[in-house]
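Me: I have a structure open and would like to go through parts of it with you. Could we begin once it is on the screen?
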Amino acid sequence: MFQQDLQNADCIIVMGSNMAECHPVGFRWVMKARERGATIIHIDPRFTRTSAMSDQHVAIRSGSDIAFLGGLVNYIIQHDRWFKEYVHAYTNASTIVSSDFKGAEELDGLFSGFDPAKREYATTSWAYDGTLAPPPRAGSPTNPNGGHAAAGPPTPAVDFRVRPPKTDPTLQHPRCVFQILKRHYARYTPDMVSRVCGCSPEEFERVAKTLCDNSGRERTSSFCYAVGWTQHTVGVQYIRTASIVQALLGNMGRPGGGILALRGHASIQGSTDVPTLYHLLPGYLPSPSAADPQHDTLDGWVASTMPTTGWWANGRKYMVSLLKMWYGDAATPENQWGYEYLPKSVGDHSHIPMFKAMSDDVIKGFMCIGQNPAAGGQNAIYNRAAMAHLDWFVVRDLFRIETAEFWKAPDIPDPSVINTEVFFLPSTSVTESEGSFTNTQRMLQWHDKGAEPTDDCRSDLWFTHHLYKRLRKLYEGSADPRDAAFLAMTWNLDIDGPMQEPKALDVLAEINGWTTADRVPVQTFLDLKDDGSTSCGVWIYTGVAPAPGVNKAQARVADAYTSLGWGFAWPANRRTLYNRASADPDGKPWSERKRYVWWDETQKKWVGYDVPDYPATKAPSSKGDWAKGGMDALDGSTAFIMQRDGKAWLYAPSGLVDGPLPAHYEPWETGVKNPLYGTQQNPVAKVWNIVGNRYIDAGDPNYPIVITTYRLTEHHLSGPMSRWSPWLTELQPEMFIEISPELAAEKGIENVGWCTVYTPRAAIECKALVTRRLKPFTIAGQRIHQAGAPFHWSWAGVVTGGNANDLIALVADPNVTIHEGKAFMCQIVAGRKQAEILATLPDQTRPLPLVGRREKRAAESAIDEGIELAERVGRYLPLDHPEGVYHG
Amino acid sequence: MAKGFYTDTTACIGCKACQVACHQWNDIPAAEGGRTELSGDSYDNTQTLSAENWRHVKFIEQINEDRTQEGFLQGSRWLMMSDVCKHCVHAACLEVCPTGAIIRTEFDSVFIQQDACNGCRACVAACPFGVVDIGRDGKAHKCTMCYDRLQNGREPACAQACPTESIRFGDIPDLMALADARVAQLQAQHINAYVYGKSDIVGGLNAFYVLVDEPHVYGLPEKPELASKNVDEGFALSGVAAAALAVTGLVSFRKSRMDEKAAAEAEDHP
């Protein structure tokens, strides 16, 4: 959904977010909803600036959200409040699951397929009944495990064209999704929610009733979330639970309904769409992986990653068009359109493993552009120490941020042992360059250049272009096969203007895409082909620049509602995704009050207030035929077209590594034994048992206080964009930790008095803000204190202070490796005691380079051994595989 | 047509964009070079209006001990209010200014002309809201209602920056109608809301508020008074005193004359 649509919600729940604090401008739409009579609920460990605007604030312990949301699922089912017609038509409630599947109720918190030695799940038992290809006989030509030179065409393991899912429309089958869901959440009663979360059963039921009363045909409700939900070892499952709630209530794809993901930077949405992520290619195409032998070929990659039914059956066209844009004439049918040139990942290369690789001297050089890991990285001390291992390091930023001068960190006593050569290349600010932002509702908005930069400041466009040109010269004439990919790259940009940099509009044209032969811009991704005749940088953005001189990101025509004339939202300028679901299976709006997109029988097409998220002329009455594949496999009432069965997934048969259904696990660091299951934590969470990262055991009395981290309106992230601006620093000048009066009394800490906060990893000194906006919880009969600290401070800037990120451990969600920064444990004592406490901490990161020559040789030979092993066994292991070489 | 601010404090999220926009537009430097101190007073580290802070957001935590909340602004709550010069209809600062530096503009706002101010501080003492302050340059400073922006057809910087339209700028009668409607809406939800700044407050405030608690909770005076409040009474009492002095003087003179006469007669007839 889009932020402006919040004004149409009848109830808004802000959870895992402090929206008024962190998205103050977007929050105006919540205020508009309230003006129209909507109920606003804020669920958060603290009473914040968002709570001040809400009708009800419910305090819950950090890290207990799945229990609360699972409680909502149970309430909805038990009280029969689910939107029946919607659930029947638009969700997979009736789909029957494999008889091999066993869930958390049977396995005390685990799911079937868990391998405790490998700490991972084999997920085949989670599939829909009868949809998996029978296992091939070993040695057969189509054996997918037969090594790189597999004979015969690659076949997908799941192909609904030949093995479609089975359903029970009566929802009675014991293995249909609805019954599995019901059993899974049966113990998430209001009393259980109270035990796990610390709120009262009455508070919980008040929320549940309000939400249910505001959902259905005539009313819709929305959730708004941010990193309070994502930064957990079960972060992805948090969001899954909310989507189950919203699918059961029929809020997805409806006006004023759905889930709004509040992203944390002006263009971070853009940075995942056109990604700087190791596992994604532009437009959310999965990056090829060396761990999957099917990814050796383009055909294999398509078979392995692209469903054969639903919209993603078009995936090959997007991949070929992308390759054509990147490799131009060097992409031919003979070389699989240049697929061979793409680098393949050999493991998890996200932030934490990347810094571990630096620490282990595997990564020698690093370019850090617009980021501040020395202060903003989780376990920031570890990040700083890792950078000390680099040979060379380029920093591009507006200020000499902590990362740019990481050797000046207070915990690095003697920088003279650091051999890193650091280059600081000053960048322009946003107003000194032109380009686009993609905001939290997928909308591109262009920004013009307001002023020319001064001195040596240059834009990222300038930097990347000139870096490419110089590297290209250096690689010229090389016959090394390893350099072929770089030499094959196209570079369609020319430099212009006083800054001698490429025009951002030229980049936008590549992103939009054109016909290969004559560079006519593509109008929509419907026109993209897999025969090399189209080239396209980012298929989801196609349509932003559909003709020469036309830049829809620059459009500024607003209206009272969807404002389709303002900016360009991907895909195809749709503002609300899956809006087919705003009409019933016959194509009529569920109610007049919630009319959004509907089928026009006269014009024989979908019309409405938004661009329909559906094939324009596919009638509601059209029948699906699985054998035909693609969109023809789905009938006219399947709204969730990106799923291979066209349904909203209450149960996820594939795609996640830690379970088809969310279960409450305690955070990795907690003071509480999991009241719901014997399985204490996410059994497949990513952990790093390394020096400088000692974890706190569950219930360790030395660290009894639950702590969360958060933002203040006055500051931004780790400080580069706010702690250098006096107009902002005067508003919030000092680091502090917020504690309840009850905790303050126990610890003898006064308001604005100094205290020391510490974990096994680090100790920081800061002042305390004593406030009733925090309170102690009773969890499973135990009194547990909750504290909170903003994470904006570090040692560089107009104002400086203790860094909350130093305290956090490296532990992450296994699906996307996001760190757990929102729920961990600590100890707090009165007074400035950092020096004396540091001396007692069991596992401080030693700040100096640890790896001497002997360790370096050992690491290098371990890698050689690993490659040899892989060649012997006939397959590569991912670098983070327990059997793999590199425990990154 | 009088123009001014209507601030609905129930829509304030305490973001302080108003404070920053004011500093930026008027090019006022941050206090202490930006290195102020944590006050401990909720999220308010500015603490007071001053020569350098012409907008100041106040935070009032009213969380009860058992942390219960019955509804919006009922039970536990956190009040936020962006304080500013009230641009009073009867402005005490304007009344007492000896040089005529303080004037009423064509927008009915109260403006201190810097070149005519001699730093005498009469206005600082007179203002019942504690708004005016002497700056480093020895002159009196306060919110100008962005006079320069108004003269160019723009609204004040704070009103433009406010993301939730808590601060609204416009014609006073229109704004007052909005405020009355908002008060009615809140009272229907059993919230004790009212407008602070109708004519009962120093003749009316051209920067008025919808509040939900007593004025003193927000640090505002219940019944602010003008410096000139005692003037009429003072004149009258002076008149009475003058009359009393005159009568006493006359009586005393007559008595003295009578005594003289009596003494002269006694000399003549021993």
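The conversation below covers confidence, one sheet and one pair of helices.

Me: What kind of model is this?
Reply: This is a predicted model. It scores ipTM 0.89 and pTM 0.92.

Me: And what average pLDDT does chain B have?
Reply: The average for chain B is a pLDDT of 95, and 100% of the residues score at least 70.

Me: Now the sheet with β13, β14 and β19 in chain A. In what order do the strands lie?
Reply: The order is β13-β14-β19 in chain A, in an open sheet with antiparallel pairing. Strands of a sheet pair through backbone hydrogen bonds.

Me: Which strands stand at the edges?
Reply: Those are β13 (435-438) and β19 (568-569) of chain A. Each has a single partner strand, so one side of each is left without a neighbour in the sheet.

Me: How many bridges join β14 to β19 in chain A?
Reply: Strand β14 (residues 443-447) of chain A is joined to β19(A) by two bridges. In one pairing, A:Met443 has A:Ala569 of β19(A) as its bridge partner.

Me: Changing topic: how do α3 and α6 of chain A cross?
Reply: Helix α3 (residues 65-78) and helix α6 (residues 190-197) of chain A have axes that come within 9 Å and cross at roughly 170°. Angles over 145 degrees count as roughly antiparallel, so α3(A) is roughly antiparallel to α6(A).

Me: Which residues meet there?
Reply: From α3(A), A:Ala67, A:Phe68 and A:Gly71 meet A:Val193, A:Val196 and A:Cys197 of α6(A). By class, this contact has five nonpolar residues, one polar and no charged ones.

Conventions
Residues are numbered from 1 along each chain as its sequence is written. Chains are lettered from A and ligands numbered from 1 in the order in which they are written. This is a predicted model: local features need pLDDT of at least 70, side-chain atom pairs count only at pLDDT 80 or more; totals for chains, interfaces and linings use all residues. Side-chain values use heavy atoms; hydrogens and water are left out. Two strands pair if DSSP finds at least two bridges between them. Helices (H or I, at least four residues) and strands (E, at least two) are DSSP runs, numbered from the N terminus. Axes are lines fitted to C-alpha atoms, for helices over the stretch in contact, and angles run from 0 to 180 degrees between N-to-C directions. Angles under 35 degrees count as roughly parallel, over 145 as roughly antiparallel, 65 to 115 as roughly perpendicular and the rest as oblique. Contact means heavy atoms within 4.5 Å. Ala, Val, Leu, Ile, Met, Phe, Trp, Tyr, Cys and Pro count as nonpolar, Asp, Glu, Lys and Arg as charged, and the others, Gly among them, as polar. pLDDT is the predictor's confidence in each residue, from 0 to 100.
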